[in-house]
Amino acid sequence: LQLGGMQKPPGDSQADVSSLKANRTSPKLRGSRRKSIASVKWKNLQKVVRNSKNFLRRALASSPLLKHVIDISADFLTKLIWSFEEKSYGKGQIICLEGCEGDEMYVLLKGSVGVYVRDDEDDEDSKLQLAILKEGSLFGEIAVLTRSNRTATIISRSEVRVAYINRDVFQKICQEEEKRNSGPGKPKGSGEVSTDIFNDIHMFA
């Protein structure tokens, strides 16, 4: 069919136009697909968060120090793990420095760190490696529980990601737990413990 000396392009008919319109996605269907994709992303995010919190729960529940000084109930652990935040360190970065004041406790989520103490009291740069901590390890508990200075230097051996909790937040949760578990007339705890407990427990930082 010729139109004004030009050949009509194939498919340019009313039937073809109707077919194209029929094949277009309706706004309702597009909206449904967007909701479906958002739902999948939300479920994946929930799974990641759930796995992260379960990892923290296992790490905290297995800590000999926390078990020694705190009645680790399920409610206490839940409050604790939802109060943690996360941050990252590059390889070779100092996370804790021996002798300095510390106000955070850490759970190692990814990577590994070295634990060092001064080998020579007169040489600040001298250090002796005591241990290598891997994923799931806790460190920094001593300073958080006792307000004492860091007992060791912690240096990242790789790209590291940690979950951490501030001392004031941690002690507030402890105080609330002690208050909830204490009966009438029982003294209320301060959220801190004596350094004497470390005589029998080997902890770092």
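Buried here means under 20% relative accessible area, and exposed means over 50%, with partly exposed in between. Keep that handy, and remember that this is a predicted model.

**Exercise 1. Helix H4**

Work out which residues of helix H4 (residues 74-81) are buried and how they sit around the axis.

*Solution.* Start with the burial cut-off, under 20% relative accessible area. In H4, Phe76, Leu77, Leu80 and Ile81 are buried. Next, look down the axis: these four span an arc of only 120°, so they share the same side of H4. The spacing fits a general rule: an α-helix has 3.6 residues a turn, so residues three or four places apart point the same way.

**Exercise 2. From Phe76 to Cys174**

Find where Cys174 is, whether it is buried or exposed, and how far it lies from Phe76 in sequence and in space.

*Solution.* First, the place: Cys174 belongs to helix H6 (residues 167-181). Second, the cover: Cys174 has 5% relative accessibility, so it counts as buried. Third, the distances: Cys174 and Phe76 are 98 residues apart in sequence, yet their C-alpha atoms are 8.0 Å apart.

**Exercise 3. Salt bridges**

List the salt bridges in the whole structure and say which parts each one ties together.

*Solution.* A search of the whole structure turns up 3 salt bridges. Let's take them in turn.

- Glu86 pairs with Arg161, with 3.0 Å between the closest N and O atoms. Glu86 is in strand E3 (residues 85-89) and Arg161 in strand E10 (residues 160-166), so the bridge links parts 75 residues apart in sequence. Glu86 is partly exposed at 37% relative accessibility, and so is Arg161 at 31%.
- Glu104 meets Lys87 at 3.0 Å, N to O. Glu104 sits in strand E5 (residues 104-110) and Lys87 in strand E3, so this pair ties parts 17 residues apart. Glu104 is buried at 14%, while Lys87 is partly exposed at 24%.
- Arg147 bonds with Asp168 in a salt bridge, the closest N and O atoms being 3.5 Å apart. Arg147 is in the loop between helix H5 (141-146) and strand E9 (153-156), and Asp168 is in helix H6, so parts 21 residues apart are tied together. Arg147 is partly exposed at 40%, as is Asp168 at 48%.

**Exercise 4. A charged patch**

Identify the residues of the negative surface patch, then place Asp119 and classify its exposure.

*Solution.* The patch consists of Asp119, Asp120, Glu121, Asp122, Asp123, Glu124 and Asp125. Asp119 falls in the loop between strand E6 (113-117) and strand E7 (128-133). Its relative accessible area is 56%, so Asp119 is exposed.

Conventions:
Residues numbered from 1 in each chain as written. Predicted model: local features only at pLDDT ≥ 70, side-chain atom pairs only at ≥ 80, totals over all residues. Heavy atoms only, no water. Patch = residues over 30% accessible without salt bridge, like charges linked within 9 Å, V, L, I, M, F, W, Y side chains within 5 Å. Areas by Shrake-Rupley, 256 points an atom, 1.4 Å probe, with all protein chains shown as cover. Salt bridge = Lys/Arg side-chain N within 4 Å of Asp/Glu carboxyl O. Lys, Arg positive; Asp, Glu negative; His and termini not counted. Charge placed at Lys NZ, Arg CZ, Asp CG, Glu CD. Helix = DSSP H or I, 4+ residues; strand = E, 2+ residues; numbered from the N terminus. Buried < 20%, exposed > 50% of the residue type's maximum accessible area, 1.4 Å probe, protein only. Arc of directions from axis to C-beta.
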